[in-house]
Amino acid sequence: MEHARSWTIQISVLSVIMGGLVALSLKTQDRILKDQLPDVRQGRLARAFVELREDATSLRRQVLDLQKRLREYQLQTGSDSEKSKLLAQDLMLANVLAGTVSVSGSGVAVTLRDSKLAERKPNDISEADWRDLSEEYYIHDRDIRDVVNELRASGAEAISVNDQRVTGLTPIRCVGPVVMVNDVRTAGSPVVVRAIGDPDALLSGMMMTKGVLDAFRDVDPTMVSIDKVKSMTLPAYAGSTTLRYAKVANEVKANEAQRQSENAERLGDKAVQDPQSVIRDGGKK
Amino acid sequence: MKGQIWFPLIGVTFGFCAVYFSQYTLSPMFAPYLSIAVLAALDAICGGIRAALEGKFTDGIFITGFIINTVLAALLAWIGDKIGVDIVLAAVVMLGGRIFLNLSLIRRLLLTKATS
């Protein structure tokens, strides 16, 4: 009996250890699977990506063609009668504002470049620290958005970033070393922002003290260059123009929204006169 | 005897749950050594049960067998890693074969005990 208990205990203890080992092994294996991307699929993904990109390019060309044809039709109907001529003019204006037609005119071209100083890492700074310190030598998406915003504030009528037309719904963001504009990948440096508008007004907006580009001039003046352009042509927006969610509001709702926006304006006036009221009253009337 | 045979099973379940639901994980680097250790433990348990059923169980042999086997297998895995040959397969085949052998012997012993 004594003998029997001895082996039971020992085997049971080892069983506990083995159970633990199995569990540990499972967890580790899980982690390995989670950490690693399945290598096998990368080749297939790359091929699919290339194909899709080619498809996207040809589809974009199709969109442009169709838009061109649509405008031709619009112009044709415009020549029919006085009334439809006015309509066609309105439509053209809306197209220009929406960015769905190519436009020409005078304006400025702002070129943003990553600084060459970013490559000159001092020897006494570690790789990781330099990554943080050299941040200011690179152009970021927020800088591009700032420039676009400032150009709009200075009265730009049409803007493009790296020859992608900026519309009311255009996202501008960095993904690694490239800038995505309208979900098209473009070069991350140099980034060329073109704006059509009054060249002097646009230029002064860009040169403003404490303005969006001031920080760059302090860091490295070669990062920014601004040129007045007598005549340039911005491309049309070539992305999707279908709406799935937004509908034109009916009159009652439109009036309600208009009242809201007027109310917001009043709140703004109030905030100017009495800045503390914003904190005190919150959003209440 | 009949009651005792369940203890190892309960032990395995307990150990599994204890580690599985804890926060503890190992670096993926040790994954191959871990699977070898699991095999060595399973082999030692099967061997131990068989020895016990045959009435030849000896304290020292059981524990040292487990430890030496694990260390040797881990060593083989490590050397194999260094020289680029999966020597660890030798340990896996050896231990696996022994587990099957011991299991069949355990089955035979239990069956003969049950019938006699």
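**Exercise 1. Find the residue of β6(A) that stands opposite A:V178, then describe the hairpin around this pair.**

Step 1. A:V178 faces A:A187 in β6(A). This is a predicted model, in which local features need pLDDT of at least 70, side-chain atom pairs count only at pLDDT 80 or more, and totals for chains, interfaces and linings use all residues. Residues are numbered from 1 along each chain as its sequence is written, chains are lettered from A and ligands numbered from 1 in the order in which they are written, and side-chain values use heavy atoms, with hydrogens and water left out.

Step 2. Strand β5 of chain A covers residues 178-181. Four bridges join β5(A) to β6(A), and the two run antiparallel. Strands are DSSP runs of E with at least two residues; helices are runs of H or I with at least four; both are numbered from the N terminus. Two strands pair if DSSP finds at least two bridges between them.

Step 3. A:M180 has A:R185 as its bridge partner in β6(A).

Step 4. Two residues lie between β5(A) and β6(A) in the hairpin. In the turn, A:N182 has a positive phi of about 55 degrees.

**Exercise 2. Place this hairpin in its sheet, and find the helix that packs there.**

Step 1. The sheet is open, with three strands in the order β4-β5-β6 (chain A) and antiparallel pairing. Its edge strands are β4 (172-175) and β6 (184-187) of chain A, each pairing on one side only.

Step 2. From one strand to the next, the twist averages 35 degrees. Angles run from 0 to 180 degrees between N-to-C directions; axes are lines fitted to C-alpha atoms, for helices over the stretch in contact.

Step 3. Helix α5 (residues 141-153) of chain A packs on the sheet and touches β4 and β5 of chain A. Contact means heavy atoms within 4.5 Å. The direction of α5 makes about 165 degrees with that of β4(A).

**Exercise 3. Explain what the salt bridge of A:D183 and A:R173 ties together.**

Step 1. Side chains of opposite charge can pair when their charged atoms come close. A salt bridge is a side-chain nitrogen of Lys or Arg within 4 Å of a carboxyl oxygen of Asp or Glu.

Step 2. The side chains of A:D183 and A:R173 meet this rule at 3.0 Å, N to O.

Step 3. A:D183 sits in the loop between β5 and β6 of chain A, and A:R173 in strand β4 of chain A, so the pair ties together parts that are ten residues apart in sequence.

Step 4. Over all chains, a search of the whole structure finds eight salt bridges.

**Exercise 4. Describe the interface of chain B and chain A.**

Step 1. Here 35 residues of chain B are in contact with 28 residues of chain A.

Step 2. About 2900 Å² is buried between the two chains, and carbon and sulfur atoms give 77% of this area. Buried area is the accessible area (1.4 Å probe) that two parts lose on being put together, summed over both.

Step 3. The rule finds zero salt bridges across the interface of chain B and chain A.

Step 4. On chain B, α1 (7-20), α2 (31-54) and α3 (59-83) each supply at least two residues of the side that touches chain A. α2(B) gives the most, with twelve residues.
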